[in-house]
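Visitor: I've got a protein up on the screen and would like a quick tour. Could you walk me through it?

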Amino acid sequence: MVQAANLGFPRIGAQRETKKLVENFWAGKITEQALDEAAVKLRADNWQVQKAQGLNQIPSGDFSFYDHVLDHSVMFNVIPQRFRHLADGHERNFAIGRGIQKPATETQEKVDIEAQEMKKWFDTNYHFIVPEFETNQTFHLGAQIKTLQEFNEAKALGIHTRPVVLGPLSFLLLGKAAKNSHGLDLLSLLPKVLPVYEELFTKLAEAGADWIQVDEPCLVLDTAPAVIAQYHAAYTRLTAVSDKLKILIATYFGRIGNNVSFIKDVNVAGLHIDLVRAPEQLEHVIANLKPTQVLSLGLVDGRNIWKTNLDAALKLAKTAVKALGADRVFVAPSCSLLHAPVTLRFEKRLAAKHAELFDWLAYSEEKCKEVHILTQALNLGDESVKAELADNARSIEVRRTSPHTTNSAVRQRLEAIVPDQLRRRNVFPVRREKQHEALPLPDFPTTTIGSFPQTKEIRVARAKFTKGEITEDTYKKFINEEIAFCVKAQEALDLDVLVHGEAERNDMVAYFGERLEGYVFSENGWIASYGSRCVRPPIIFGDVHRVNPMTINETVYAQTLTSKPMKGMLTGPVTCLQWSFVRDDIPRSVVCTQLALAIRDEVVDLEKAGIVHIQVDEPAIREGLPLRSVDFEYYLQWAVDAFLLSTTGVTDTTVIHTHMCYSDFQDIFQAIVRMDADVLTIENSKSDMRILNSFATHGYTAGIGPGVFDIHSPRVPSIAEMKERADAMLLYIPERNLWINPDCGLKTRGWKEVNESLTNMVAVAKELRNAKAQRASA
C-alpha cells in the first residue's frame, strides 16, 4: 500500500502561538517551565491535525522555538566557546541565535556576546543559524535529546511518528569554521560526528522508531564526486546501526541529479525527492534505486499556497507505482510545510471577500488532506475519491479561465520594453561626479537601511485604522507625527542621508502589494522567517500593475522637514517576487517584469518630486539564485534586467541605492556589477568580513556600505567594536567608496538600542573622517 507522509509541519502555531510564547519568555513574563509546557500542547495539536487529515507517517522533531539547525547543533554539542559559560537551557540557546547583553551586577560580570551568523535556508526566505565548528570540535549528545523526547511525547499520545534529523553531511556542509579554526575542512569532522548519529539512531530504535527521516538537502547542490563518496561512507555506517530502523534520506528544493548515484549502493530504505520543483527527475531517480528501496514523491507544493492539480500529480504518482509497486511509494509534500501557512480555517475575511480566489488555496492542513486524497486514489482507485478529484478539477479550471488573472494593458506594456530601458544614461564614474557636484556628502557618509522601530503605538494605530476605528485623516496625522519624530531623531544623531522611517508600512513587500493590482492579502497566512519573527507574504494571483503613486506623500513630507537629503524607500521587483506567494500559472520571470514596471513608475515619480536618493531594496536577489550553477545564467539575466528596468528611468544626478541580505556574493558578483547601483549596502557584520573578498578581488568601484552592526540582535555594539569592523572594511574597500550603515532595517528593534547603536555608528564615521584629515595634513 502507498503511504501518506509529511516531512515537517509549521512550528509557529495556527495563530502564531509560538511567537507569542517565545517573546513573553524573552520579556520575563513566563518561566522556562511554562514555555516548555505550552510547547508540549502545540506539538500535540500539530500531530493530531496531521493524523486527522489521514497521514500514515507523521514527523516528530520538527518543532523549534527558534531554528531547527540551531537545535540540532545544541543537541550535538556544537556550541561556540563564547557561549559555553552560560547555563544549559533556553536562555543560552536563544543567546546563540540572537546574541545577549546584560550589564554587570554585584554578583555577576557583564555579559556581551555576539550571535552566531544567520543565513538564508537555500533559496527560501527562512533563515537558519550557521553551525560553527572548531578544529578540535567534539560531538556528544546531552542530557536533553530533543529528537528522542519529542518522539516519546507523540508515542505517549498514541501517535507513532517518524523522527526528523538533519543529516551529517548537510550539517557539516551548511556550517563554517570558527574564527580560531580558519582553513578547517568541515568534512574532516565526519568521522567524529558519525558515532553520535549512531548513538542517536540506536536510542530512537530502542524507543520504538521504525522509520527515521534524515534530511540531506545539500544533495540538490552541485556536489563533487569526492563528497558523494563521503555520503556513501556515512550511510554505509548509519544503515548498519539497527535492523529495526529504516532510514529515509530526504532531499528538497531541487533535483538530486547524478548525486543519486550512491543511493543504490547503500542500505537506506528510501529516498524523498521534490517533484514540484523538478518533476522531470522522476524517471532518472527510479532507474537509480535498488529493488527494495522506497521512493517518497514530493507531489504537493510545500512552499506555496495554491491547490495541487491532483490530476497532474496522480499521473506522476501512477508512473512511480507502475515502476516500483505500491509498497515502495510514499506520497508527501515537496518539502517541510515549515514554508506554508498553517490552516485556512481562520481565513474568514478572505473567504468572504474573495470567494473565488479562496477556493484556489491550500495551506498546510489542507495540503496534508491533498496527500491523503492522492494516496487513497492510488490505493483504492480514483473512484474512491471521485468527489474530491472532481471538486479539485473544478477549482483548477475556474482559476485557469478566470478573467481576474489577466490584464491586456499590462501584457502590451511588457511587449513594448526596449533595451534602452535597461541602462542608465551614463556609466557610474560620470554619474558619481555629477552627483557629488549636485549634492556633496562628507567622506564615509552615514545612512540607515530604511525602517525605524515599529513601536506598539504604531501597530495599535494601524490596527485601529484597519478595523475602521479611526478615520483616515486621524491615521495620516498620526503617521506624519511619527515621520517628524523619526526625522528629528536622525538629525539629532547627525546622520547624513535620512529616511522617513516607514511608520506607515506593515511589511516591506506587503505595503507595496496593498497598492498594486494583482495582489490579495490573507489574515493568517503567516510563515516563519527567523527566530520568533513571522511574515505574512502577500499573494500574487493576477497581472501586477501600479494604479497610483505609493510612497510619494510620505517621502516628500519627510523631505520638507530637513535640509539633508531624504531617501525614497522602495522594495525591488525580485524581492517582491521572492517574498510573495506567487502565481504558478505563468513564468516567474514574467511576474517579476510586471513588478519592475510598477516600481519604475514609482522611481520616476520620486525623482520628479525632488527626491535625489532612491533606494530599491533587493535583499532577496541572491536568495532566488537557482541551486545548480547550470541554471544561474538564465535567472540572473531576467532578475538583473528587472532591477535595471525599475531603476534606470532617472537622470545621472539621482543616486540609486540598493540593499542585499546575507549572501555568498561570489556566485553573483558579475550580476551585482551589472545592476549598476550607485550605492550598495549589504549585511556583513556576522560574516567575519569574508564576503568582502569578492568586492576586493573583482575591484568593485561603486559606493558600498557593509553593515557595521547586526540589527537582528538586541545588543548594542561599542564604538571600538564598530570601528574595528570599519577598519577591516578599508582593507578591502577604497575610502572614497565606503558608506557607514547598519546591517539592515531597524523595525524589529527598540528606540533605546537604536539610538545607542546609531550614536556609536556616527561616532565611528567621524573618527574615520578625522583620521583621514590628519593624514592629509601630515
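Visitor: What percentage of the 778 residues count as buried?

Guide: One caveat up front: this is a predicted model, where local features need pLDDT of at least 70, side-chain atom pairs count only at pLDDT 80 or more, and totals for chains, interfaces and linings use all residues. Residues are numbered from 1 along each chain as its sequence is written, and side-chain values use heavy atoms, with hydrogens and water left out. Buried means under 20% relative accessible area, with exposed over 50% and partly exposed in between (1.4 Å probe, protein chains only). By that cut-off, the share of buried residues is 61%.

Visitor: Why is the protein said to be as compact as a globular protein of that length?

Guide: Start with the inventory: the protein has 27 helices and 24 strands (DSSP runs, H or I of at least four residues for helices and E of at least two for strands, numbered from the N terminus). The globule rule is 2.2 Å times the number of residues to the power 0.38, and the radius of gyration is taken over C-alpha atoms. For 778 residues the rule gives 28 Å, so the protein is as compact as a globular protein of that length, its own radius of gyration being close to that at 26 Å.

Visitor: What share of the contacts with a separation of 6 or more comes from residues 24 or more positions apart?

Guide: A contact here means heavy atoms within 4.5 Å. Among pairs with a separation of 6 or more, those 24 or more positions apart account for 78%.

Visitor: Which strand runs parallel to β11 and is joined to it by 5 bridges?

Guide: β11 covers residues 246–250, and 4 of its 5 residues are buried, so the rest of the structure largely encloses it. Strands count as paired if DSSP finds at least two bridges between them. Val214 has Ile249 in β11 as its bridge partner. The parallel neighbour, residues 211–215, is β10.

Visitor: Which residue in β22 stands opposite Gln615?

Guide: Gln615 sits in β21 (residues 613–617), where 5 of the 5 residues are buried, so that strand is largely enclosed by the rest of the structure. Both its faces are covered, with His613, Gln615 and Asp617 on one side and Ile614 and Val616 on the other. β21 runs parallel to β19 (residues 567–571), joined by 5 bridges, and Gly568 partners Ile614. β21 also pairs in the parallel sense with β22 (residues 655–660) over 3 bridges, and there the residue opposite Gln615 is His657.
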